[in-house]
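Got a few minutes to walk through a fold together? Pull up the sequence and the model, and we'll take things step by step.

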Amino acid sequence: PRREATAGCSVEHQATLWRGKRRAAPKGSKTKRPGGYAALPQTPCVVVGGLLGATARLALADNSVSENDGAPSTSVPPSLRSGDVDYRHCLSLTAHASVGSFARPLLDYTAVDLRYDLGSTSGVSSGGTSSGTNQNPAPVPDARDAPKTMMERMVRAGFDGLARVENETVTAGVTQQILGPVRLRAELRFSPGTAGRAYRKGWQALTRDDKAQEKEKEKKKREKEDPSLPPRAPRGKPPPRPGTPYAAGSAGSSMGKHSVGAGRFGDAWRVARKEMSGAELVYGIDCPLPPALGAARLVAWYNVNRGEAQAEMRLFDL
């Protein structure tokens with residue numbers, strides 16, 4: 001068993017940028033509660049918030065992986081030695097916007113949520129009794145030379161390399177009331193690095209120079225063909241007919257441009273989608289349970305990437 005002392009602290013702040021007015025329930029509505037379908041009244045608003053926290057672990061004894069007989073393993077080094085301190089930091093930024101009062105029976109609540117989570121570590125600080133081999137290993141050259149996100153560069157510059165980003169996650173979610181107390185929710189979770197690569201490759205595919213590529217392909221084809229033969233017409237453009245060279249040429253050029261534009265957007269979408277293939281897509285359903293409408297809720301979700309589903313009942317989750 002591990003023997004260690006852990007201490008942590010966090011600071012959280014929330015600010016309301018805009019708050020609207022709650023609409024009253026329609027006359028003759030069966031919902032007599034002041035909060036409508038929720039336990040507390042829902043008011044349209046735009047809210048931003050943030051949380052900053054840190055934890056420290058002090059090892060009171062050597063923490064090592066042991067075999068069944070209790071002898072310490074020689075192949076796996078101990079995670080912490082006695083006197084070592086492991087520091088970890090977390091940052092969470094959120095933005096929430098909602099419209100509707102969740103009091104009418106149809107499409108009376110829509111919410112959009114955006115959250116950014118960052119976890120970083122400053123490694124292991126030796127207490128003087130452990131050797132240098134217990135320090136966090138340096139990153140491999142490929143990881144060191146890999147493109148860094150904006151937050152990774154800020155952490156490295158602000159802490160002079162003593163802290164490094166361990167994980168970054170962006171979560172975008174949409175919640176929509178469907179009918180009565182039933183709400184549907186969709187979430188997309190991805191890393192900023194993945195989103196940045198998808199944007200760059202998609203933009204490159206969207207702004208590529210098609211004319212230069214076509215000229216290069218035609219040049220390579222002509223080099224392989226017999227130079228005594230007449231040059232072939234570009235693919236996708238019919239040869240001009242006798243008597244109507246301008247009409248046929250203009251029609252062919254307009255069709256070519258349309259197909260190139262459609263293909264360009266399609267290529268950009270396919271490239272960006274391929275880069276975002278690792279993002280997690282989660283669908284969920286939320287329904288307050290009677291008679292304690294709003295105080296007890298049935299929540300079910302399905303993770304498309306992992307193929308996992310779960311349902312749970314939450315009490316007093318207001």
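What follows is a tour from the whole chain down to single side chains.

First, the ground rules. This is a predicted model, so to speak: local features need pLDDT of at least 70, side-chain atom pairs count only at pLDDT 80 or more, and totals for chains, interfaces and linings use all residues. Residues are numbered from 1 along each chain as its sequence is written, and side-chain values use heavy atoms, with hydrogens and water left out.Now the overall layout. The chain has 5 helices and 9 strands; both are DSSP runs numbered from the N terminus, with helices (H or I) needing at least four residues and strands (E) at least two. Reading from the N terminus, the order is β-β-β-β-α-α-β-β-α-α-α-β-β-β. Of the 318 residues in the chain, 25% are buried. Here, buried means under 20% relative accessible area, exposed means over 50%, and partly exposed is in between, with a 1.4 Å probe and protein chains only. Take the contacts between residues at least 6 apart in sequence: 64% of them join residues at least 24 apart. A contact means heavy atoms within 4.5 Å. As for the outside, the chain exposes about 21,800 Å², with carbon and sulfur atoms supplying 60% of that. Those areas come from the Shrake-Rupley method with a 1.4 Å probe, and for residues only the protein chains shown count as cover.

Let's head inside. In soluble globular proteins, nonpolar side chains tend to be buried together. Which residues make up the largest nonpolar core here? The 6 residues are Tyr116, Leu118, Val165, Val170, Phe190 and Ala279. Strand 4 (110-125) and strand 5 (164-179) each chip in at least two residues of this core. There's also a second, separate core of 5 residues, with Tyr37, Ala38, Phe102 and Ala111 among them. A nonpolar core is a set of buried Ala, Val, Leu, Ile, Met, Phe, Trp, Tyr and Cys residues joined through side-chain atoms within 4.5 Å.

Nonpolar side chains turn up on the surface too. Leu106, Leu107, Ile178, Leu179, Leu184 and Ile285 make a nonpolar surface patch of about 540 Å². Patches are built from residues with over 30% relative accessible area and no salt bridge, joining like charges within 9 Å and nonpolar side chains (Val, Leu, Ile, Met, Phe, Trp, Tyr) within 5 Å. One of the patch members, leucine 184, sits in strand 6 (residues 182-190). Leucine 184 counts as partly exposed because its relative accessible area is 39%.

On to the charges. Side chains of opposite charge can pair when their charged atoms come close. The structure holds 15 salt bridges, each one a side-chain nitrogen of Lys or Arg within 4 Å of a carboxyl oxygen of Asp or Glu. Arginine 189 is a good place to start: its side chain meets that of glutamate 187 in a salt bridge (3.2 Å, N to O). Arginine 189 is partly exposed at 32%, whereas glutamate 187 is buried at 13%. Arginine 189 also forms a salt bridge with glutamate 280 (3.7 Å, N to O). Glutamate 280 lies in strand 7 (residues 280-288) and arginine 189 in strand 6, so this pair ties together parts that are 91 residues apart in sequence.

Glutamate 280 is buried, with 16% relative accessibility. Its side chain meets arginine 306 as well, in a salt bridge of 2.9 Å, N to O. Arginine 306 lies in the loop between strand 8 (296-303) and strand 9, so its pairing with glutamate 280 in strand 7 ties together parts that are 26 residues apart in sequence. At 53% relative accessibility, arginine 306 counts as exposed. Through shared partners, salt bridges join Asp113, Arg185, Glu187, Arg189, Glu280 and Arg306 into one network.

Last stop: arginine 297, in strand 8. Is arginine 297 buried or exposed? Arginine 297 is buried, because its relative accessible area is 12%. Its side chain makes a polar contact with the side chain of aspartate 286 (2.3 Å). A polar contact is a pair of N or O atoms within 3.5 Å; within protein, one must be able to donate a hydrogen and the other to accept it, and residues adjacent in sequence count only if both atoms are side-chain atoms. Leaving aside neighbours within four places in sequence, arginine 297 is in contact with residues including Arg183, Cys287, Met313 and Glu312.

That brings us to glutamate 312, in strand 9 (residues 308-315). Glutamate 312 and arginine 297 are 15 residues apart in sequence and 8.4 Å apart in space, C-alpha to C-alpha. Glutamate 312 is partly exposed at 28% relative accessibility, and a polar contact of 2.9 Å joins its side chain to that of arginine 314.
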